[in-house]
Amino acid sequence: WEGGRDMVALSDFVPLVAATTLPDLAAVGAIYYRESEGRAVVTPEIAGLAARIVGDKTGLEAAQAIYDWVAGNIRYVAIYLDPNDGWVPHAASAVLAAGYGDCKDHVVLMQALLAARGIKAEAAIIDWGDRTRDLPLPLPSQFNHAIVYLPAYDRFANPTDPYSSFDALERRLSGKTVVLAT
């Protein structure tokens, strides 16, 4: 069997054996939150960059400017040297210094830049694949991507995708279950 572009995911129709001790998807979000806590620190460098990016913009317009900057200036590169790297983002200052990172790193940098401008942002985990239904149990493995949620504006944004606008999520992210990392 060779899967093709836009095919239904195997997990949508093959038999599955799964077990978990997690009570619900909120517990999955809590794990991600705990593992990423303290990574979106606003350093003087990040605060200065945020001020330069947004200029006199505020609110949603400032958030869009930060999104555009992160999506356009931070390359998507994932390097995993430890099995736990898949769940733990680097510190925002390290992502900025490197100029690259994976989805979690894009999110943590965007969170720090937004926080520097007084805008709250939460990490949200989601499946960025072709699966059309959720797994029957709350398993961390059903999520393979992190995006940003702006609670004040009830808006999700994917800062790893320089080709999608701030106003819309790419098709494979739309209509999916998302877990806020709170």
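Which helix does K104 lie in? The answer is helix α5, and that helix is a good place to start a walk through this predicted model.

Let's stay with K104 for a moment. A lysine invites the question of where its side chain goes. Is K104 buried or exposed? Its relative accessible area is 3%, and because the cut-off for buried is under 20%, K104 counts as buried. Its side chain has a partner: a polar contact of 2.3 Å joins K104 to the side chain of D102.

Now widen the view to the whole of α5, which covers residues 103-116. Of its 14 residues, twelve are buried, so the helix is largely enclosed by the rest of the structure. The buried set is C103, K104, D105, H106, V107, V108, L109, M110, Q111, A112, L113 and L114. From its first C-alpha to its last, α5 reaches 20 Å, close to the 20 Å expected at 1.5 Å a residue. After the helix comes G118, a residue with a positive phi, near 80°.

What does α5 pack against? One neighbour is helix α3, residues 59-73. Two packed helices are described by the angle between their axes and the distance between the axes. Here the angle is about 145° and the axes are 10 Å apart. The crossing of α3 past α5 is right-handed. On the α3 side, the residues that take part are A63, I66, Y67, W69 and V70, and they meet H106, L109, M110, L113 and L114 of α5. By character, this contact is made of nine nonpolar residues and one polar residue, with no charged ones. As you look at the spacing along each helix, keep in mind that an α-helix has 3.6 residues a turn, so residues three or four places apart point the same way.

Helix α3 deserves a look of its own. Its 15 residues should span 21 Å at 1.5 Å a residue, and the end C-alpha atoms are indeed 21 Å apart, so the two values agree. Buried within α3 are A62, A63, A65, I66, Y67, V70 and A71. The elements that cover these residues include α2 (44-54), α5, β4 and β5 (155-157).

From Y67 you can step across to a loop, since S164 touches both Y67 and E170, leaving aside residues up to four places away in sequence. Where is S164 placed? It is in the loop between β5 and β6. At 17% relative accessibility S164 counts as buried, because the cut-off is under 20%. The side chain of S164 also makes a polar contact, of 2.8 Å, with the side chain of D161.

A168 has its place in the loop between β5 and β6 too. With a relative accessible area of 41%, A168 is partly exposed. Its C-alpha lies 9.2 Å from that of R155, and the two residues are 13 apart in sequence.

Another loop, the one between β4 and β5, holds D154. At 58% relative accessibility, D154 counts as exposed. Its backbone is worth a glance as well. Most residues other than glycine have a negative phi, and most peptide bonds are trans. D154 has a positive phi, near 45°.

Finally, turn to helix α1, which runs over residues 25-36. Its N-terminal end is capped by D24, with a side-chain oxygen 3.2 Å from the backbone nitrogen of A26. The twelve residues of α1 should span 16 Å at 1.5 Å a residue, and the 17 Å between the end C-alpha atoms agrees with that. Following α1 is G38, whose phi is positive, near 80°.

Which residues of α1 are buried? They are A27, V28, G29, Y32 and S36. Among the elements that cover them is α5, the helix where we began, along with β3 (122-126), β4 (145-150) and β6 (178-180). I31 also lies in α1, but I31 is partly exposed, with a relative accessible area of 21%. I31 and T182 are 151 residues apart in sequence, yet their C-alpha atoms are 8.8 Å apart in space.

Terms used. Residues numbered from 1 in each chain as written. Predicted model: local features only at pLDDT ≥ 70, side-chain atom pairs only at ≥ 80, totals over all residues. Heavy atoms only, no water. Helix = DSSP H or I, 4+ residues; strand = E, 2+ residues; numbered from the N terminus. Expected span 1.5 Å × (residues − 1). Buried < 20%, exposed > 50% of the residue type's maximum accessible area, 1.4 Å probe, protein only. Contact = heavy atoms within 4.5 Å. Polar contact = N/O pair within 3.5 Å; in protein donor to acceptor, adjacent residues only side chain to side chain. Axes fitted to C-alpha atoms, helices over the stretch in contact; angles between N-to-C directions. Left-handed = near helix turned anticlockwise from the far one by under 90°. Nonpolar A, V, L, I, M, F, W, Y, C, P; charged D, E, K, R; others polar.
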